[in-house]
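Good morning, and thank you for making time for this presentation. Please look at the sequence and the structure together as I speak.

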Amino acid sequence: MKILLAQADADSREMIGSLLLSEGHEFIVVSDGSEVMGAMQENPDLVIIDANLPSISGCECCRLIKHDEKNRHKPVVMLMPDQDSAAWARFSECGADDFLEYPLRPHVIKAKLRLLLRINELYQRLDANHRHA
């Protein structure tokens, strides 16, 4: 599967990138919110966005992705500061499908990505069946 990772922090980018590679995924990396929509042209299966991206916030990027008809069912995971319960509500309102809190835990990332990628695959099958019918 192809995953878009929008993360400004180099250490987190490296950790998540290594994890994605170990799971057999290919990924696209951007470090600025202004690069996210351009990277969406690569048609990723899932998007991971840091809430605190420079230029355009992660929440606004999520809103833009979900507003695009062809991407509205793409799973978007927001990376958020630990213990920021108010952020959950904000990210939910901008269309995020799930959240990962810092400090990032590899086993949690793997579990959530597997689940969301399965859901995305089901949406793709449903869409293909709908077009076929």
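Let me begin with the naming of elements: helices (H or I, at least four residues) and strands (E, at least two) are DSSP runs, numbered from the N terminus. The model is a predicted one, in which local features need pLDDT of at least 70, side-chain atom pairs count only at pLDDT 80 or more, and totals for chains, interfaces and linings use all residues. Residues are numbered from 1 along each chain as its sequence is written, and side-chain values use heavy atoms, with hydrogens and water left out.

I start inside the sheet, with Leu4, which is found in strand β1. Leu4 has a relative accessible area of 0% and is therefore buried; buried means under 20% relative accessible area, exposed over 50%, and partly exposed in between, with a 1.4 Å probe and protein chains only. Leaving aside neighbours within four places in sequence, Leu4 is in contact with residues including Ile28, Val30, Val36, Met40, Leu46 and Ile48, where contact means heavy atoms within 4.5 Å. Between Leu4 and Val30, which are 26 residues apart along the chain, the C-alpha separation is 7.8 Å.

Next, the sheet as a whole. It is an open sheet of 5 strands in the order β2-β1-β3-β4-β5, with parallel pairing; two strands pair if DSSP finds at least two bridges between them. Which strands stand at the edges? They are β2 (26-30) and β5 (98-101), each with a single partner strand, so one side of each is left without a neighbour in the sheet. On average, and ignoring direction, neighbouring strands of this sheet are turned by 20 degrees against each other. For such angles, axes are lines fitted to C-alpha atoms, for helices over the stretch in contact, and angles run from 0 to 180 degrees between N-to-C directions.

Let me turn to strands β3 and β4. Strand β3 (residues 46-50) runs parallel to strand β4 (residues 76-80), and 4 bridges join them. Val47 has Val76 as its bridge partner in β4, and Ile49 stands opposite Met78 in that strand.

Is β4 enclosed or open to the outside? Since 5 of the 5 residues of β4 are buried, this strand is largely enclosed by the rest of the structure. In a regular strand the side chains alternate between the two faces of the sheet. In β4 both faces are covered, with Val76, Met78 and Met80 on one side, Val77 and Leu79 on the other, and all of these buried.

In β3, I would single out Leu46. With a relative accessible area of 0%, Leu46 is buried. Beyond four places in sequence, Leu46 is in contact with residues among which are Ile3, Leu4, Val77, Leu113 and Leu117. Leu46 and Leu117 are 71 residues apart in sequence, yet their C-alpha atoms are 6.8 Å apart in space. Helix α5 (residues 106-132) lies across β1 (2-6), β3, β4 and β5, and runs at about 170 degrees to β5.

I now come to the loops. Ser31 is in the loop between β2 and α2 (36-39), and it is partly exposed, with a relative accessibility of 30%. Not counting residues up to four places away in sequence, Ser31 touches Gln7, Ala8, Arg13, Leu53 and Pro54. Asn71, in the loop between α3 (58-67) and β4, is by contrast buried at 1% relative accessibility. Under the same sequence exclusion, Asn71 touches Met40, Ile65 and Lys66.

Some backbone details deserve notice. Asn43, in the loop between α2 and β3, has a phi near 55 degrees, a positive value in a residue other than glycine. Ser55 also has a positive phi, near 80 degrees; this residue lies in the loop between β3 and α3 and is exposed, with a relative accessible area of 57%. The peptide bond from Tyr102 to Pro103 is cis, with omega near -5 degrees, and Pro103 lies in the loop between β5 and α5.To close, I return to the centre of the sheet: Leu4 and Leu46 are in contact with each other, and Leu46 also reaches Leu113, Leu116 and Leu117, while in the neighbouring strand β4 5 of the 5 residues are buried.
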